[in-house]
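Me: I am new to this structure. Please give me a close look at one part, the sheet, and at what its strands help to line.

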Amino acid sequence: MTIATKIEESIVNSSWIRKMFEAGAKLRAEHGAENVFDFSIGNPNLKPPKEFQAALEKVAADDTEGVHGYMPNTGYPHVRAAIAKTVKKELGADVTGDDIIITCGAAGGLNVIIKAIVNPGEEVLVTSPFFVEYTFYAQNHGAELKTVPAKEDFSIDLDAMEKSISEKTRIVLVNSPNNPTGKIYTRDELISLGKLLEKKSKEYGKVIYLVSDEPYRKIVFEDVEIPSMFSCYVNSIVATSHSKDLSLPGERIGYITIGPDTEYKEKLRAAMALTNRILGFVNAPGIMQRVLPYIQDASVDIDAYKRKRDLLCTGLAETDLEFTIPAGTFYLFPKSPIKDDVKFVKMLQEELILAVPGSGFGAPGYFRLSFCVADETIKNSIPAFKRVMDKF
């Protein structure tokens with residue numbers, strides 16, 4: 001034995017997303033990139049907005065003494081103040097820079113939050129389907145990720161959620177717009193969830209926090225409201241990043257916002273400043289932090305993702321695949337035509353289509369397609385999908 005047992009197990013059960021992404025690299029080498037239709041990973045294919053490049057060049061040219069030194073673990077104060085203004089405008093929350101912790105993406109932010117709040121042996125609840133890495137984020141801190149199946153339309157099953165909440169529950173984690181389904185939770189269901197958490201918090205004599213993972217907040221295609229969690233439940237914390245809305249997944253920049261009226265806010269601020277440091281992040285990348293004030297209103301071209309969604313949905317509508325058109329994100333989550341979604345994904349792979357089984361998201365019987373790919377990839381994949389579906 002050379003590595004930790006838990007990590008050994010995690011390698012064996014590691015993300016289907018990465019497995020398919022790696023399979024795609026092999027297939028491209030064998031068949032040519034133009035002949036492989038890789039829908040496996042949510043790696044944005046749009047260029048960052050031009051404002052980003054201009055801001056990056058400006059920041060990189062700054063040779064002020066000490067500019068690359070340490071800063072507070074929560075981030076530069078002037079950057080946090082700029083983010084707070086944006087949060088106030090977008091979410092209607094009266095937050096200040098003190099309520100912002102700049103993090104290494106939303107993934108780093110969620111680890112910071114869980115480490116700060118959850119004791120070993122306690123639980124994080126999430127509705128399934130869910131982003132597979134959540135399991136590891138909980139395990140990183142000795143917590144358990146407990147899943148609660150969604151309703152047939154992927155909305156929150158409040159009755160099931162109530163039955164699942166126990167004295168061990170410390171966080172209910174939501175992701176809207178949702179990866180992998182594209183589902184956007186309504187204000188009414190989030191308010192109802194908030195009332196349930198308020199009731200259960202009183203019942204167990206401790207706060208159950210609602211944590212919202214929101215990297216896809218701006219990737220919405222119809223005139224659909226993305227409710228502010230802070231208006232739905234007082235003890236809410238939001239983690240987000242610019243991996244998707246600015247096409248910067250490799251730069252690892254995001255932030256946490258603690259709700260303006262959240263209980264024990266001062267303790268939460270101190271705890272997250274500490275966990276951001278002791279988890280080894282220390283602080284988010286300094287150059288990227290200094291870029292943020294210049295690009296608060298920037299975004300990739302969301303209409304381009306809408307076009308890709310429509311291309312894929314129109315093409316797949318010519319097959320017998322069942323799916324719901326997603327209102328947000330760049331994912332489609334169709335039903336597998338057979339019960340064994342892993343087997344079906346392997347059948348797709350035989351036609352050089354890379355997808356991810358729904359089992360990897362806690363939802364057997366489905367599969368995920370990431371349509372953040374070239375338009376030609378989508379168009380050229382449709383005959384391959386038809387060939388697979390013709391076998392049924």
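Reply: What follows takes the sheet, then a helix across it, then a cavity.

This is a predicted model, in which local features need pLDDT of at least 70 and side-chain atom pairs count only at pLDDT 80 or more, while totals for chains, interfaces and linings use all residues. Residues are numbered from 1 along each chain as its sequence is written, and side-chain values use heavy atoms, with hydrogens and water left out.

Start with the sheet. It is open and has seven strands, ordered β2-β8-β7-β6-β5-β3-β4. Strands here are DSSP runs of E with at least two residues, helices are runs of H or I with at least four, and both are numbered from the N terminus. The pairing is mixed. Two strands pair if DSSP finds at least two bridges between them.

Now the edges. They are β2 (100-103) and β4 (144-149), each pairing on one side only. From one strand to the next, the twist averages 25 degrees. Angles run from 0 to 180 degrees between N-to-C directions, with axes as lines fitted to C-alpha atoms, for helices over the stretch in contact.

Look closer at β4. Its pairing with β3 (residues 123-128) is parallel and covers six bridges. Leu125 has Lys146 of β4 as its bridge partner.

Next comes a helix. α9 (residues 265-278) lies across four strands: β2, β6 (209-213), β7 and β8. It runs at about 160 degrees to β8. Contact means heavy atoms within 4.5 Å.

β7 and β8 appear again at a cavity. The structure has three cavities of 30 Å³ or more. A cavity is a set of points, on a 1 Å grid over the protein atoms alone, where a 1.4 Å probe fits but cannot get out. The largest has a volume of about 190 Å³. That volume is the space filled by probe spheres set on the points, which are joined across faces, edges and corners.

The largest cavity is lined by 16 residues; a lining residue has an atom within 4 Å of a point. Closest to the centre are Glu90, Arg217, Lys218, Thr240 and Tyr255. Three elements give two or more residues each: α4 (77-91), β7 (236-241) and β8 (254-258). α4 gives the most, with four residues.

By class, the lining has five nonpolar, six polar and five charged residues. Nonpolar covers Ala, Val, Leu, Ile, Met, Phe, Trp, Tyr, Cys and Pro; charged covers Asp, Glu, Lys and Arg; the others, Gly among them, are polar.

Key: 1 Å grid on protein atoms, 1.4 Å probe; cavity = no way out; pocket = protein on both sides within 12 Å on 5 of 7 lines; lining within 4 Å.
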